[in-house]
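Colleague: I have a few questions about how you describe this model. Can we go through them one by one?
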Amino acid sequence: MKVALIVAMDLERGIGKNNDLMWHLPKDMRFFKETTLGQVVVMGRKNWDSIPEKYRPLSDRENVVLTRNKKFSSDDCVVLHDLVEVWEKYQDEEERTVFIIGGGEIYRQAIESGLIEEMYITHVSGTYNAETFFPQFNLKNWSVKALLEQDMDEKHECAFQVKQYTRN
Ligand SMILES: NC(=O)c1ccc[n+]([C@@H]2O[C@H](COP(=O)([O-])OP(=O)(O)OC[C@H]3O[C@@H](n4cnc5c(N)ncnc54)[C@H](OP(=O)(O)O)[C@@H]3O)[C@@H](O)[C@H]2O)c1
């Protein structure tokens, strides 16, 4: 099993507000889709709720939703009740990467687990007064490679840079 994480955060590590994203960056959306297509995507129940129904489940990906609510059920996703259940279910997975796709609570627990081998972080060059944040992590443990850069333009309200972090 390989576990990776993908996130977009602003200069204050902000990732969301009012259970929604704070920006519209089509090229970053495309990067997210291309990177996660065919993989397993793991998200918190609030993140799942925030995805408009017409885009749910995320296409051509195995959608896993984490909730503590034993009554939550859906035909569109795998429902699990603990991160440990995720690691157990996919421990023998060899083809697909298990992608942690947020939100804040799930990112924090995933980083604390020490199982993340790779992170794709979109650094959005602005501040958005977020309510939800991406946790601090120790840069010393990671090798960083720049993957993509986008300037502000008519389709992108903010410049951003995508970096790949690989655990040393
Ligand atoms: N910028 C980005 O890249 C990005 C990516 C994803 C999301 N977001 C944003 O992040 C925000 C949502 O993040 P959030 O921190 O509020 O919520 P979240 O992490 O999406 O979901 C939290 C929920 O997950 C469930 N949960 C958490 N830990 C669990 C565990 N160990 N076992 C079982 N279930 C568990 C609980 O669901 P129950 O309450 O049902 O028990 C909890 O309420 C939104 O604004 C969204 O737009 C941003």
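Modeller: Start with the core of this predicted model. The largest nonpolar core has 37 residues, and Leu5, Val7, Val42, Phe99 and Ile100 touch the most other members.

Colleague: What makes this set a nonpolar core?

Modeller: Members must be buried residues of nonpolar types, joined through C-beta atoms within 7 Å. The 37 residues form the largest such set. At least two residues each come from β1 (2-9), α1 (26-36), β3 (40-44), β4 (62-66), β6 (97-100), α4 (104-113), β7 (118-124) and β10 (160-167). β1 gives the most, with 7 residues.

Colleague: Which residues does Leu5 touch, leaving out those up to four places away in sequence?

Modeller: Phe99, Ile100, Tyr107, Ala110, Ile116 and Met119. A contact needs C-beta atoms within 7 Å.

Colleague: Why is the protein chain said to agree with a compact globule?

Modeller: With 168 residues, such a globule would have a radius of gyration near 15 Å. The protein chain has 15 Å, so the two agree. Its C-alpha atoms fill a box of roughly 45 × 40 × 25 Å along the principal axes.

Colleague: How much of the protein chain counts as buried?

Modeller: 32% of the 168 residues. The cut-off is 20 or more other C-beta atoms within 10 Å.

Colleague: What share of contacts joins residues at least 24 apart?

Modeller: 70%, among contacts between residues at least 6 apart in sequence.

Colleague: And how many helices and strands are there?

Modeller: The protein chain has 4 helices and 10 strands. Along the sequence they run β-β-α-β-α-β-β-α-β-α-β-β-β-β.

Key
Residues are numbered from 1 along each chain as its sequence is written. This is a predicted model: local features need pLDDT of at least 70, side-chain atom pairs count only at pLDDT 80 or more; totals for chains, interfaces and linings use all residues. A residue is buried if 20 or more other C-beta atoms lie within 10 Å of its own, exposed if 12 or fewer, and partly exposed in between; C-beta atoms are placed from the backbone. Two residues are in contact if their C-beta atoms, placed from the backbone, lie within 7 Å. The radius of gyration is taken over C-alpha atoms; the globule rule is 2.2 Å times the number of residues to the power 0.38.
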